[in-house]
Amino acid sequence: MADSGTKTERVTLTIDGREVSVEKGTTILEAAEALGNRIPHYCYHPGLSAPAQCRLCLVEVEGAPKLQASCITTAQDGQVVHTQSDDALRQRKGVLEFYLANHPLDCPICDQSGECKLQDYVFAEGRKHGRNREPKRVFGRDDFGGDILFYGDRCVMCTRCVRFMNEAAQDPLLTVVERGNRSVIDTFFDEGLEGSPYAGNIVDICPVGALVSKDFLHKARAWDLDHTPSICPNCSQGCNIDLHTRDNRVHRLKPRPNLDVNQYWMCDYGRHRYDWMNRTDRLEAPMIEREDSRVATGWAEALEALTARLEEVGDRPVRAIASPFSSNEELAALRLLVNALGGGEIHFRSPRTDEEIPLPSFPKLTRRKDLAPNVKGAEFLGMARVGDDDATGGLEGLEGFDGILLVVGDALPDCAPDFGSDAALHIHLGSYTSRATEAAHFRLPIATHAEQEGTFTNFEGRVQRFWPGLEAPGAARPGWLVLAALAAHLEGTAVPQRAEEMFLKAGELTPHFQGITYQDLGTRGALANEPVALPGA
Amino acid sequence: MAATVKVMRRPAAGTTSYLRSAIKGMGLTFKHMINPDKATHQYPEEPVELSPRWRGTHVMEVHADGRPKCVACGLCPTVCPANCIRLVGGEDDQGNRYPIVYEIDEFRCIFCGMCQEVCPVEAIHVGQHFENAEYTRERFVYDLDRLMEQDHESTLLWDPSDPRSE
Ligand code: SF4
Ligand code: SF4
Ligand code: SF4
Ligand code: SF4
């Protein structure tokens, strides 16, 4: 991956009896991977340079005098490679035995257990029992600052972490000190990883449990976690991530490779902002007005009462407040409903900072200024940003507004409890309880992005899908379903049954999404029809 | 095949005496009362001797300083076929991994002994104990303290002289 560029010439080689044709310049390890044939390796990582020092990717190449390190040996035309020959297996077994000479049998208390490459490789190719009778060297545990703990005894000295800090983050805060048996990764004197905005990635790329996250320490076993592909909701970059969940809680976020958006990485800002997905102060049942109070009901009754009220209120001006944390589907459904009610302005409030945090080796990955995932989607659907940089204010124009007021996804934390009390009909769709929404005539619970399927549009207009990793609490439903059901009732059309159908409807609302299907998006996303120009890219 | 049925005639009332059989039966009973080889076990006055491989309610081993031996590795909740172990791991003030919550629902447990077999630090054991009557169901969920207090013998799942069954 380090040097793509303009390789078009192809070479054909044979790996374990199967022919494979790859671009010239590809290494044997990558060619084998293209065949689905994984050669053990530690120091090689697709996003970093390959120093060929772990000696674990040794394979037999016919004609070569000795085994070759497949991570740096480029594939040649007509080459014949054996990854499973007796010689290769014997030597790799020997290398693994050396790794275990000093590695503690820490698995029961190690957070990497279950997703550890040393466990995997030794299980697949190593010896059943150790022969080493010497005492193991002991380093103990070191706090590297920030979110990162270092267990020196577990390190296999692959130097991925050092190379990540040098090459990708370009913030050389880690180094190898000492030599040979005593070598160990360390920071420089008192300086830690604190404040280095991409340092969390070294925990992901560490093949063993030497680098672990303090936030995740002892929280869950790797095999207990479910992985759901999702999109980071913390800025408009839209990094591809996996939600790691257990017992209906998100326990950590991990980057999911997407070479067009975030390569193999994500920023620490995004990585550590997942607590809100586990919030428990949730709206759980539809609340409707009954005389002067509000009572909880079921959905059928709530929607019936709401449609009756909409008809009773009749033709009134409509204003809506949306949220840039809503999916394209939810925003499009809101647009549909507002159109069905006769049309009106939709505004949204969005947090924003002045600072961008680019990853030096791949500046296209930047923690963007917009700290919400779907600002672009809202703009595509003709909604306008109002208010301040901390997502407050901007609603002064609604004071005394006496039409139909729709608030979707914005909990209005800065508004007074009597917000919207002048409106003929005040409808709130939200996930969280808040003071300002208690007075709404109808308060309907909707799912968060972690609890439903949908898409976000990132800063450059790339539409990317996410999947539900959690179960929504109580009667909460996806917002698009509620809004689209109301719109369909007013228009007399069919209610879209799946997020995919709703997205097709969004394509009817804006040319940006026209003709795009979920199939086109896949797991990697696709640019909307009219990608916006990248500032300075 | 036609079944042949032998018809037994019931003795007419008043013509047969059962006295002989009754005396014979009572004789047997009295004989057993004085028989030194009788099999009846006088439980609960006499305690039952359990086999060393009897698998009953659990025991959590403790270190000399009173800490549980469990390191919260998560293997026993993973292997448990009855899914009756609840574990939340954490770190104590000396930086050791330990179970903040460790509970076994002895009502759901099927006493398979796999938790004992899988434990890498020989912390959790099934025990040689079966007298567990309680007044409420909740009391059958043993928490960490209760498991550490159990003082009965733990089970020998294998012969100590031949731990790998070789
Ligand atoms: S800490 Fe991890 S990533 Fe760094 S050299 Fe050691 S094993 Fe490799
Ligand atoms: S750059 Fe943005 S999208 Fe990517 S991880 Fe950071 S906050 Fe999330
Ligand atoms: S004995 Fe078997 S069923 Fe009972 S707790 Fe242990 S593993 Fe679970
Ligand atoms: S297997 Fe042993 S160490 Fe692991 S959680 Fe169970 S009791 Fe604790």
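This text goes through a predicted model, taking the contact between chains A and B, then two ligand sites, then some points of backbone and packing.

The two chains meet through 13 residues of chain B, which are in contact with 11 residues of chain A. Together the chains bury about 900 Å². Carbon and sulfur atoms give 52% of that area. On the side of chain B, three residues stand out: B:Cys73, B:Glu91 and B:Arg97 supply 54% of the area that chain B buries against chain A, more than any other three residues.

Between chain B and chain A there are 2 salt bridges. In one of these, the side chains of A:Arg141 and B:Glu91 meet, with N to O at 2.6 Å. B:Glu91 is thus named both for this salt bridge and among the three residues that supply 54% of the area buried by chain B. The count of residue pairs in polar contact between the two chains is 5, where both residues have pLDDT 80 or more. Turning to secondary structure, helix 2 (75-79) and strand 2 (85-91) of chain B each supply at least two residues of the side that touches chain A. Strand 2 of chain B has the largest share, with 3 residues. By class, that side of chain B comprises 5 nonpolar, 5 polar and 3 charged residues.

Next come the ligand sites. Ligand 3 has 13 residues around it, and those that come nearest are B:Cys80, B:Cys109, B:Cys112, B:Gly113 and B:Cys115. The shell of ligand 3 contains 11 nonpolar and 2 polar residues, and no charged residues. Ligand 1 is surrounded by 13 residues, the closest being A:Cys155, A:Cys158, A:Thr159, A:Cys161 and A:Cys206. Its shell divides into 11 nonpolar residues, 1 polar and 1 charged.

A:Thr159, one of the closest residues to ligand 1, also has a notable backbone angle. Most residues other than glycine have a negative phi, and most peptide bonds are trans. A:Thr159 is not a glycine, yet its phi is positive, at about 60 degrees. The residue is found in the loop between strand 7 (148-151) and helix 4 (160-168) of chain A. With a relative accessible area of 12%, A:Thr159 falls under the 20% cut-off and therefore counts as buried.

Helix 4 of chain A, on one side of that loop, is mostly covered, with 7 of its 9 residues buried. The buried residues are A:Arg160, A:Cys161, A:Val162, A:Arg163, A:Phe164, A:Met165 and A:Ala168. Of these, A:Cys161 is also one of the closest residues to ligand 1. The cover over the buried residues of helix 4 includes strand 8 (174-177), strand 9 (184-187), helix 5 (201-205), strand 10 and strand 18 (357-359) of chain A. After helix 4 comes A:Gln170, with a positive phi near 50 degrees.

A:His218 is another residue other than glycine with a positive phi, near 60 degrees. A:His218 lies in the loop between strand 10 (211-213) and strand 11 (226-231) of chain A. This histidine counts as buried because its relative accessibility is 4%.

Chain B has a backbone feature of another kind. The peptide bond from B:Tyr43 to B:Pro44 is cis, with omega near 5 degrees. B:Pro44 is found in the loop between helix 1 (19-34) and strand 1 (56-60) of chain B.

Two further residues of chain A illustrate packing. A:Ser236 lies in the loop between strand 11 and strand 12 (240-246) of chain A. At 5% relative accessibility, A:Ser236 counts as buried. Leaving aside residues up to four places away in sequence, A:Ser236 touches A:Arg368, A:Asp370, A:Ala372, A:Pro373, A:Asn458 and A:Phe459.

A:Leu306 lies in helix 7 (residues 299-313) of chain A. A:Leu306 is buried, with 0% relative accessibility. Again leaving aside residues up to four places away in sequence, this leucine touches A:Leu425, A:Ile427, A:Phe442, A:Leu444 and A:Leu486. The C-alpha atom of A:Leu306 is separated by 66 Å from that of A:Val176, which is 130 residues apart from A:Leu306 along the chain.

Notes:
Residues numbered from 1 in each chain as written. Chains lettered and ligands numbered in written order. Predicted model: local features only at pLDDT ≥ 70, side-chain atom pairs only at ≥ 80, totals over all residues. Heavy atoms only, no water. Near = heavy atom within 4 Å. Nonpolar A, V, L, I, M, F, W, Y, C, P; charged D, E, K, R; others polar. Contact = heavy atoms within 4.5 Å. Buried area = accessible area lost by both parts, 1.4 Å probe. Salt bridge = Lys/Arg side-chain N within 4 Å of Asp/Glu carboxyl O. Polar contact = N/O pair within 3.5 Å; in protein donor to acceptor, adjacent residues only side chain to side chain. Helix = DSSP H or I, 4+ residues; strand = E, 2+ residues; numbered from the N terminus. Buried < 20%, exposed > 50% of the residue type's maximum accessible area, 1.4 Å probe, protein only.
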